[in-house]
Amino acid sequence: MDLIGILLAGSATNITDAGVTNIAAGIAMGLGALGAPLGIGMLTARAMEALGRNPEARPAIQTNMILGIAFCEAIAIYALLVAILIKFV
């Protein structure tokens, strides 16, 4: 018996392809939306620590921090695109 059959044992619920794709799209978007804020928070915290230790390096630290934040946001957008592809294709 597969995992879904074990979870729904004794239930009269039928699992359809549309239901599975909705769950997969939700998981894809959830994980993508969870990772981006964590990455941005860690990146910003480390940048603030670096600025506290070496204020003269502000331009280099700020440029790298903004690039890192943009890449974290891009990953969240990729997760959204994957979720849309799973849902509608």
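## Two long partners: H2 and H3

Helix H3 (58-88) is part of what covers the buried residues of helix H2. Seen from the other side, H2 is likewise among the things that cover the buried residues of H3. The model you are looking at is predicted, so let us begin with how far its confidence reaches.

### Confidence and overall layout

The protein has a mean pLDDT of 88, and 85% of its residues reach 70 or more. Among its elements, H3 has the highest mean pLDDT, at 93, while helix H1 (residues 3-7) has the lowest, at 66. If you are tracing the chain on screen, you will find three helices and zero strands, and reading along the sequence gives the pattern α-α-α.

Of the 89 residues, 16% count as buried. Contacts that bridge distant parts of the sequence are well represented: among contacts between residues at least 6 apart in sequence, 69% join residues at least 24 apart.

### The span of each helix

Do the numbers of residues fit the lengths in space? For H2, 37 residues at 1.5 Å a residue should span 54 Å, and the end C-alpha atoms are indeed 54 Å apart. For H3, the 31 residues should span 45 Å, which agrees with the 45 Å between its end C-alpha atoms.

### Who is buried

In H2 the buried residues are Ala25, Ala28, Gly32, Ala36, Ile40 and Ala47. In H3 they are Ile61, Met65, Gly68, Cys72, Ala76, Ala79 and Ala83. A general point helps when reading such lists: an α-helix has 3.6 residues a turn, so residues three or four places apart point the same way.

### Where H2 and H3 come together

Ala28 is a handy residue to start from. Ala28 lies in helix H2 and counts as buried because its relative accessibility is 19%, below the 20% cut-off. Which residues does Ala28 touch, leaving aside those up to four places away in sequence? The list is Ala79, Val82, Ala83 and Ile86. Two of these names, Ala79 and Ala83, also appear among the buried residues of H3.

Ala50 is also found in helix H2, but Ala50 counts as partly exposed, with a relative accessibility of 28%. On the H3 side, Ile84 has its place in helix H3 and is partly exposed as well, with a relative accessible area of 38%.

Each of these three residues has a partner some way off in sequence, and the table sets out the pairs.

| Pair | Apart in sequence | C-alpha to C-alpha |
|---|---|---|
| Ala28 and Val82 | 54 residues | 7.1 Å |
| Ala50 and Ile61 | 11 residues | 7.6 Å |
| Ile84 and Ala25 | 59 residues | 7.0 Å |

Some partners in the table turn up in the burial lists too: Ala25 is one of the buried residues of H2, and Ile61 is one of those of H3.

### Charges and rings

How many salt bridges does the model contain? The count comes to one. Glu49 forms this salt bridge with Arg46, and the closest N and O atoms are 3.5 Å apart. That separation fits because the cut-off for a salt bridge is 4 Å. Glu49 and Arg46 are three residues apart in helix H2 (residues 17-53), which means that about one helical turn separates them.

Are the two partners buried or exposed? Glu49 counts as partly exposed, at 37% relative accessibility. Arg46 is exposed, with a relative accessible area of 55%, a value that lies over the 50% cut-off.

As for rings, the count of aromatic pairs comes to zero. There is, however, a charge over a ring: Lys87 lies over the face of Phe88, at 5.7 Å from the ring centre.

### Putting it together

To recap, the picture is one of three helices and zero strands, in which H3 is part of the cover for the buried residues of H2 and H2 is part of the cover for those of H3. Ala28 makes a good landmark for this meeting of helices, with Val82 and Ile86 among the residues it touches. For the charged side chains, look to Glu49 and Arg46 for the salt bridge and to Lys87 and Phe88 for the charge over a ring.

Key: Residues numbered from 1 in each chain as written. Predicted model: local features only at pLDDT ≥ 70, side-chain atom pairs only at ≥ 80, totals over all residues. Heavy atoms only, no water. Helix = DSSP H or I, 4+ residues; strand = E, 2+ residues; numbered from the N terminus. Buried < 20%, exposed > 50% of the residue type's maximum accessible area, 1.4 Å probe, protein only. Expected span 1.5 Å × (residues − 1). Contact = heavy atoms within 4.5 Å. pLDDT = per-residue confidence, 0-100. Phe/Tyr/Trp six-rings, centres within 6.5 Å; stacked < 30°, edge-to-face > 60°. Lys NZ or Arg CZ within 6 Å of the ring centre and 35° of its normal.
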